[in-house]
Amino acid sequence: ANGMVLESLVPTLVTELKNGTIDLLGLDGNVTMEDSIGDMSKKLYSVNASALADTLTRLDPRSIDKAVDTLKKARSVYCLGFGGSMVIAMEAVSRFATITNKFRQISDTHMQAMATALSGPEDVILLFSFSGATRDIFDVLENAKKRGTKIILVTHFPKSPAAAYANTIITCGVEEGPMNGGSIAAKIGLLFLIDILFNEYC
């Protein structure tokens, strides 16, 4: 895939999404008790479509190129996430399992600590964290940094605390309010990025 072609498509695709579908719904994204099933569905569709558009707008082809190059050269890739992001890490392993066996997902925090303590410059951590501030991730990141392990962070906040540890940062779109943490829209943005990484890797 060509990063320059992807970059040139961003303005067109975002405009088409907004002018072709999202703006025509005439509804905001806030679901209420008074909504019919039809209106609720349209609102959720709008929010989820916006997650893709926002992620595409934020996409930096250079970060994708750098991340994919790092993944290709890695001995092992540890896909990690906490809370709702753990499911995304599992999905990344499942997606890449069709072309390579070096992607691994570890759920247990003690096993994560052991794995990162034994990792080295030939290994990569692919970390999914929407906030980039989840407390549990920092022991893993500190271990990895000490060992020279490369870190790819996929997050909504490129200036989050976790970003200070990352060699490469990839950002996803969609805003999450206090009442919709772990939303489907946020996951859609992250899954979209996994698909981009996978297809560029191939």
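1. Contacts first. Among the contacts in the protein with a separation of 6 or more, 71% join residues that are 24 or more positions apart. Contact here means heavy atoms within 4.5 Å. Please keep in mind that this is a predicted model, in which local features need pLDDT of at least 70, side-chain atom pairs count only at pLDDT 80 or more, and totals for chains, interfaces and linings use all residues. Residues are numbered from 1 along each chain as its sequence is written, and side-chain values use heavy atoms, with hydrogens and water left out.

2. The overall layout. You will find seven helices and five strands in the protein, in the order α-α-α-β-α-β-α-β-α-β-β-α along the sequence. Helices (H or I, at least four residues) and strands (E, at least two) are DSSP runs, numbered from the N terminus.

3. Inside and outside. The protein has 202 residues, and 43% of them count as buried. Buried means under 20% relative accessible area, exposed over 50%, and partly exposed in between (1.4 Å probe, protein chains only). About 10600 Å² of the protein is exposed, with 57% of that supplied by carbon and sulfur atoms. These accessible areas come from the Shrake-Rupley method with a 1.4 Å probe; for residues, only the protein chains shown count as cover.

4. Confidence. The predictor's confidence in each residue is the pLDDT, from 0 to 100. Its mean over the protein is 85, and 82% of the residues reach 70 or more. Among the elements, helix H3 (residues 61-73) has the highest mean pLDDT, 98, and helix H1 (residues 3-22) the lowest, 49. Over residues 20-27 the pLDDT is below 50, and this stretch has 15 contacts in the model beyond near neighbours in sequence. Residues 177-181 also stay under 50, with two contacts beyond four places in sequence.

5. Helix H2. The 22 residues of H2 (residues 37-58) should span 32 Å at 1.5 Å a residue, and the end C-alpha atoms are 32 Å apart, which agrees. The expected span is 1.5 Å times one less than the number of residues. Among the buried residues of H2 are Lys-43, Ser-46 and Leu-56.

6. Two residues of H2 worth a look. Thr-55, in helix H2, is buried, with a relative accessible area of 0%. Its side chain reaches the backbone nitrogen of Gly-173 at 2.8 Å, a polar contact (a pair of N or O atoms within 3.5 Å; within protein, one must be able to donate a hydrogen and the other to accept it, and residues adjacent in sequence count only if both atoms are side-chain atoms). Not counting residues up to four places away in sequence, Thr-55 touches residues including Thr-171, Cys-172 and Phe-192. Arg-58, also in H2, is partly exposed at 33%. The C-alpha atoms of Arg-58 and Gly-173 are separated by 6.8 Å, though these residues are 115 apart along the chain.

7. Helix H5. In H5 (residues 109-117), the buried residues are Gln-112, Ala-115 and Thr-116. They cover an arc of only 95° around the axis, so they lie on the same side of H5; the arc is that of the directions from the helix axis to the C-beta atoms. The buried residues of H5 pack against strand S1 (77-81), strand S3 (124-128) and helix H6 (137-147). At the start of H5, a side-chain oxygen of Asp-108 comes within 3.0 Å of the backbone nitrogen of His-110.

8. A loop residue. Ser-129 sits in the loop between S3 and H6 and is buried, with a relative accessible area of 3%. Leaving aside neighbours within four places in sequence, Ser-129 is in contact with Ser-85, Thr-134, Ile-137, Leu-153, Val-154, Thr-155 and His-156.
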